[in-house]
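Dear colleague,

Please find below the structure that I am handing over to you. My findings follow directly after it.

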Amino acid sequence: MSSAAHPAPRIPGADTFAWAIGASFRPLHALIAAPSLLFLATLGLMLFHPPDFHFHSIDRVAFGLLVLVVLLRVCALRQPLRFGGPITWPMVGLLVLAFHGAVTQPNGDETWSLFAAKWLVPFMLYHLAAYIFNDERSLCRFETFSLIVLGYLSLTAVLFLIDAKQFIFPRYILDEGLGYHVDRARGPFLQAVANGVALNLLGLVALNSYRRQRLRGVLAILLLMALPLAIVATKTRAVWLSFAGSILVLLFFSPSRRLRRTCLCFVLAGSVALAAAVTFSDRNTSLSDRLEERGPVIFRMAIYQAGWEMFLQKPLTGWGATDMQTELSKRISDFHQRQFFFHNTYLEIVVQYGLVGLLLYLWIVIDLFKLGRGRIRPGYFPHSSFLDQQFRNLWPLLLGVYLLNGSFVVMNYQFVNGFLFALAGLLTAQNRRNSDMEFTALAR
């Protein structure tokens, strides 16, 4: 008699156990089906994790889960995961140099957090974004996320400017024992320049959305009105300069009449806001003081001179992170601080890693600028207009804002780095699809 006539006896509770296992994997299946949501959630968590303080590490957990989900998706769909491309190899070189420096440093947690924020996070988000954001819906989510973050940062800065600090969230932003620039609108970054750079980059993305009428109505008016006030609230001259420069470039060179009119309103609103804040508001008299303040300039000039002398001593391989900090502290005798920083991304790289590190970084910058070159073939990213030709024309301006502010602060803020390199990943994916379409057309 066949075995089919005598089915195997059912094990009590087997169906329940199988259901429980299946249910436990459903969230993972949902993440694999929509990895863009996990990517944006991870980037959002990074917004609230300053790299040089002992904060919660939930963003690290989300980052690891994101990498795992993408790898599982690649295996499940049997898709190729492209690793090479622009900026990849110079970033690998800097990753190796930074990893070697992190291994030799004694301060473990802070060192590895800075390593992740400056090098590992942007490297990984660049490649993951190029893989994940490959359709209209995911690009729409990225744009919506950018507008939401801009709204939050602008609101927080405006609340700081009008002294409505009781509404600022999270409360650690107001903790005077954490971070720097407690008298400025520093946001969750705990550093005013980083907050200003994020506002500037996100503001340019919002202007592009407004040009395409994705951002419109009362929401557009409120957001665009708040942006100049938020920039003023940072009380940081480098941020003011980069924002004013980017708006003036768009005002005179943008092909969009709608965008030029908006930039003209920005110029007028920014001028009025700054004049009013300096002239009429007692609580913001520090704005005029910031315009005249000379102390930080003298201090930075001393730092720059010491850094240049250190570079001349070890121009090729640099000092390394530990020796660099020790030597810099010895050379700055007129100022008494616990720790000294170069306040310049490029000077820190050349002193820490030598000309080798600086050349690798310049290679990255050149490759980033190249991402926006060329024209899009019709049919790429079907029906999506976020990465249109005018956005590609805006890309050098976004990079210019980032690089200009890098001359006044060390860019170790993982959200700022991650957001910029995620945009670079989006352009890389577009360029790859464009090349594939050209190859297919030639093959026919």
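Helix 14 and helix 15 cross with left-handed geometry. The model in which this crossing is described is a predicted one. Helix 14 covers residues 345-371, and its axis lies 10 Å from that of helix 15, at an angle of about 165°. Since an angle over 145 degrees counts as roughly antiparallel, helix 14 and helix 15 are therefore roughly antiparallel to each other. On the side of helix 14, the contact is formed by Tyr346, Tyr361, Val365, Leu368, Phe369 and Leu371. Helix 15 contributes Arg392, Trp395, Pro396, Leu399, Tyr402, Leu403 and Leu404. Sorted by class, the contact of helix 14 with helix 15 comprises 12 nonpolar residues, 1 charged residue and no polar residues.

Within helix 15, which spans residues 389-405, I would draw your attention to leucine 397. Leucine 397 has a relative accessibility of 16% and therefore counts as buried, the limit for that class being under 20%. Leaving aside residues up to four places away in sequence, leucine 397 touches Leu204, Ser246, Val249 and Leu250. The C-alpha atoms of leucine 397 and phenylalanine 369 are 9.7 Å apart, while the two residues are separated by 28 residues in sequence.

A second helix pair is formed by helix 7 (residues 192-211) and helix 8 (residues 217-233). Their axes are 11 Å apart and the packing angle is about 155°; helix 7 and helix 8 are therefore roughly antiparallel to each other. The crossing of helix 7 and helix 8 is left-handed. Helix 7 enters the contact with Gly196, Leu199, Asn200, Gly203, Leu207 and Tyr210, and helix 8 with Ala220, Leu224, Leu227, Ala230 and Ile231. The residues of this contact comprise 8 nonpolar and 3 polar ones, with no charged residue.

The loop between helix 7 and helix 8 contains glutamine 213. Its phi angle is near 65°, a positive value in a residue other than glycine. Glutamine 213 has a relative accessible area of 43% and is therefore partly exposed.

Isoleucine 87 likewise has a phi near 65°, again positive in a residue other than glycine. Isoleucine 87 is located in the loop between helix 3 (58-77) and helix 4 (88-104). With a relative accessibility of 0%, isoleucine 87 counts as buried.

On the backbone, I also note a cis peptide bond, which runs from phenylalanine 169 to proline 170 and has omega near -5°. Proline 170 belongs to the loop between helix 6 and helix 7. Helix 6 itself covers residues 136-161 and includes threonine 156. Threonine 156 counts as buried, at 8% relative accessibility. Beyond residues up to four places away in sequence, threonine 156 touches Ile168 and Ile173.

I turn now to the aromatic residues. The structure holds 15 aromatic pairs. One of them joins tryptophan 119 and tyrosine 361: the ring centres are 6.4 Å apart and the planes stand at 85°, so this pair is edge-to-face. Tryptophan 119 lies in helix 5 (residues 108-132) and tyrosine 361 in helix 14, so the pair ties together parts that are 242 residues apart in sequence. Tryptophan 119 is buried, its relative accessible area being 8%. Tyrosine 361 also counts as buried, at 9% relative accessibility. Tyrosine 361 is, in addition, among the residues of helix 14 that make the contact with helix 15.

Another pair consists of phenylalanine 386 and phenylalanine 391, whose ring centres are 5.2 Å apart and whose planes are at 40°, so the pair is tilted. Both phenylalanine 386 and phenylalanine 391 are buried. These two residues belong to one aromatic cluster, together with Phe39, Phe133, Phe142, Phe189, Phe415 and Phe419.

Yours sincerely

Methods. Residues are numbered from 1 along each chain as its sequence is written. This is a predicted model: local features need pLDDT of at least 70, side-chain atom pairs count only at pLDDT 80 or more; totals for chains, interfaces and linings use all residues. Side-chain values use heavy atoms; hydrogens and water are left out. Helices (H or I, at least four residues) and strands (E, at least two) are DSSP runs, numbered from the N terminus. Buried means under 20% relative accessible area, exposed over 50%, partly exposed in between (1.4 Å probe, protein chains only). Contact means heavy atoms within 4.5 Å. Axes are lines fitted to C-alpha atoms, for helices over the stretch in contact, and angles run from 0 to 180 degrees between N-to-C directions. Angles under 35 degrees count as roughly parallel, over 145 as roughly antiparallel, 65 to 115 as roughly perpendicular and the rest as oblique. A crossing is left-handed if the near helix is turned anticlockwise from the far one by less than a right angle, and right-handed if clockwise. Ala, Val, Leu, Ile, Met, Phe, Trp, Tyr, Cys and Pro count as nonpolar, Asp, Glu, Lys and Arg as charged, and the others, Gly among them, as polar. Rings of Phe, Tyr and Trp (its six-membered ring) pair if their centres lie within 6.5 Å; planes under 30 degrees apart count as stacked, over 60 as edge-to-face and the rest as tilted.
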